[in-house]
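Trainee: I have a new model open and would like to walk through it with you. Could we start with the strands and work our way to the ligand?

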Amino acid sequence: MIRAVRGMNDILPDTTPLWQRLEHTARVLLLSYGYEEIRLPILEQTALFERSIGETTDIVEKEMYTFTDRNGDSLSLRPEGTAGAVRAVLQHNPFRNQAQRLWYMGPMFRRERPQKGRYRQFYQIGAEAFGMPGPDIDAELIILTRRLWRLLGLGGLQLEINTLGTATTRARFRQDLVSYFSASAEKLDQDSRRRLHSNPLRILDSKNPELQEVIQGAPTFERYVDPGSEQHFRQLREILEHNDIDYRVNPRLVRGLDYYSKTVFEWLTTELGAQGAVCGGGRYDGLVEHFGGEPTPAVGFAIGMDRLIELLRETPLNDIARTSNEPHLYLIVGGEKYYGSALRVAETVREAMPHIRLVTHCGSDSFKSQFKRADKSGARIALLLGEDEVSQGMVTVKHLRISSGQVTVPQSELIACLEKELARL
Ligand code: AMP
């Protein structure tokens with residue numbers, strides 16, 4: 001048997017209703033804040049990710065699905081959405097410093113070691129806001145995510161924030177980190193030694209318990225922050241406080257991608273074990289210019305949908321979603337001769353009641369097994385079209401969950417009858 005690729009999951013019908021709830025809630029919410037949807041290709045030129053995410057990040061170094069196309073181009077499955085969004089906006093609508101709010105949703109691909117909450121194909125909802133330099137828009141994005149948690153009934157998520165300053169101040173910090181870690185090089189693991197010169201900030205991010213002591217002693221960025229970033233960060237904190245958002249400043253929060261500056265943030269949960277981040281974001285003021293556009297400040301976030309779904313399983317939403325695939329009506333048919341009439345009756349119901357979920361039994365099974373199927377489907381009401389019904393132009397309506405018998409009505413009165421019967425449930 002051919003199986004799915006490791007780390008790439010099927011999402012089965014018992015879970016898709018939960019995904020649909022999340023997607024629908026996010027769509028309505030994002031639009032209500034003025035964010036417009038953008039749909040981007042899943043494949044991009046590899047150079048796009050190398051030049052934005054950074055050649056020495058884990059993602060680009062070892063996690064991208066990259067291949068050479070038949071014409072020799074190097075292409076990669078997108079590992080995240082920001083780079084593609086920036087590319088698309090530059091390609092179609094060169095910035096003239098106007099504000100733009102965009103969002104996207106879809107699969108991302110990273111060849112990480114699969115484990116609970118970490119997959120090789122996973123899904124993100126992302127938002128990107130271009131052309132707004134202030135902390136107000138950073139705060140708006142954070143407030144928007146808080147509203148999403150609320151709408152989904154999720155409690156207990158913690159916000160961590162930090163500032164990464166500007167590229168110049170980060171370069172000074174970086175230099176000092178290299179000196180500090182070089183002095184204790186023998187205490188570093190292989191990964192960190194490799195990163196020492198390419199990406200020393202990432203050492204701070206290491207989860208290796210044996211490194212924690214040396215990491216704790218490392219210089220922190222606070223001392224290096226430039227006054228502009230400092231002020232931006234202070235204002236952001238004030239706005240968050242004004243909006244009753246609890247946060248923790250985590251000076252170690254650096255995030256894995258190279259393009260961030262000033263604000264970075266993450267929403268975390270303790271309920272998912274090691275993979276506790278459900279949303280990450282930050283400001284990337286230099287990226288648009290880096291790609292040849294006008295200097296354009298930008299900030300965004302990405303929500304990990306797979307992890308949110310795991311959290312949602314423990315909420316009342318899960319029960320609502322669980323039943324939302326169930327049909328209201330199940331149509332039972334007395335035999336081959338009545339297929340035509342059955343499908344016609346079904347169409348009449350669909351025409352008049354477009355929101356009703358009606359499953360027609362297909363196949364000439366006995367009444368008994370059709371009733372069993374009706375029961376299993378979760379339907380509330382069975383419609384029955386047998387020989388007697390068809391010959392007299394009638395249809396039988398039978399409750400499956402409440403004991404109130406059945407009625408046989410002329411087909412012309414079926415809709416009125418269903419409206420009455422469904423209202424009783
Ligand atoms: P990042 O783009 O790495 O900042 O990720 C943003 C969010 O996407 C994270 O907070 C996670 O919730 C989610 N995420 C990232 N990588 C994975 C993965 N391999 N599997 C599942 N979710 C992920």
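Mentor: Happy to. This is a predicted model, and a good place to begin is the pairing of β3 with β4, which is antiparallel and runs over three bridges.

Trainee: In β4, which residue is the bridge partner of F67?

Mentor: Take the two strands together: β3 and β4 form a hairpin with five residues between them. In the turn, G72 has a positive phi of about 95°. Across the hairpin, the bridge partner of F67 in β4 is L75.

Trainee: Which strand is joined to β4 by three bridges and stands at an edge of the sheet, and what is its residue range?

Mentor: The open sheet has three strands in the order β2-β4-β3, with antiparallel pairing. β2 and β3 (66–68) each have a single partner strand, so one side of each is left without a neighbour in the sheet. Three bridges join β4 (residues 74–77) to β2, and one of the pairs is L43 with L77. The strand you want is therefore β2, residues 43–45.

Trainee: How much does that sheet twist from one strand to the next?

Mentor: The strands here follow the order β2-β4-β3. From one strand to the next, the twist averages 35°.

Trainee: Which residue does the side chain of E44 meet in a salt bridge?

Mentor: The structure holds 17 salt bridges, and this one has an N to O distance of 2.7 Å. E44 is in strand β2 and its partner is in helix α4 (residues 82–92), so the pair ties together parts that are 43 residues apart in sequence. That partner is R87.

Trainee: Now the eight-stranded sheet: which strands stand at its edges?

Mentor: This open sheet has mixed pairing and the order β1-β5-β6-β11-β10-β9-β7-β8. Its edge strands have a single partner each, so one side of each is left without a neighbour in the sheet. They are β1 (36–37) and β8 (248–249).

Trainee: Inside that sheet, how many bridges join β6 to β11?

Mentor: The two sit side by side in the strand order and run antiparallel. As one example, A127 has F301 in β11 as its bridge partner. The number of bridges joining β6 to β11 is seven.

Trainee: Which strand supplies the largest share of the shell around the ligand?

Mentor: 15 residues surround the ligand, and the closest are R110, E112, Y119, R255 and A277. The shell divides into six nonpolar, four polar and five charged residues. β6 (121–130), β10 (277–283) and β11 (298–304) each supply at least two of its residues. The largest share, four residues, comes from β10.

Trainee: What percentage of the ligand's own accessible area does the protein cover?

Mentor: Look at some polar contacts first: a polar side-chain atom of R110 lies 2.8 Å from a ligand oxygen, while a polar backbone atom of Y119 is 2.8 Å from a ligand nitrogen. In the side chain of Q124, an N or O atom is 3.0 Å from an oxygen of the ligand. On its own the ligand has 480 Å² of accessible area, and the share covered by the protein is 92%.

Trainee: One last hairpin: in the turn between β15 and β16, which residue has a positive phi?

Mentor: Five bridges join β15 (residues 394–399) to β16 (residues 406–410), and the two run antiparallel. M394 stands opposite P410 in β16. The hairpin has six residues between its strands, and the one in the turn with a positive phi, about 65°, is G405.

Technical notes
Residues numbered from 1 in each chain as written. Predicted model: local features only at pLDDT ≥ 70, side-chain atom pairs only at ≥ 80, totals over all residues. Heavy atoms only, no water. Pairing = 2+ DSSP bridges. Axes fitted to C-alpha atoms, helices over the stretch in contact; angles between N-to-C directions. Near = heavy atom within 4 Å. Polar contact = N/O pair within 3.5 Å; in protein donor to acceptor, adjacent residues only side chain to side chain. Areas by Shrake-Rupley, 256 points an atom, 1.4 Å probe, with all protein chains shown as cover. Nonpolar A, V, L, I, M, F, W, Y, C, P; charged D, E, K, R; others polar. Salt bridge = Lys/Arg side-chain N within 4 Å of Asp/Glu carboxyl O.
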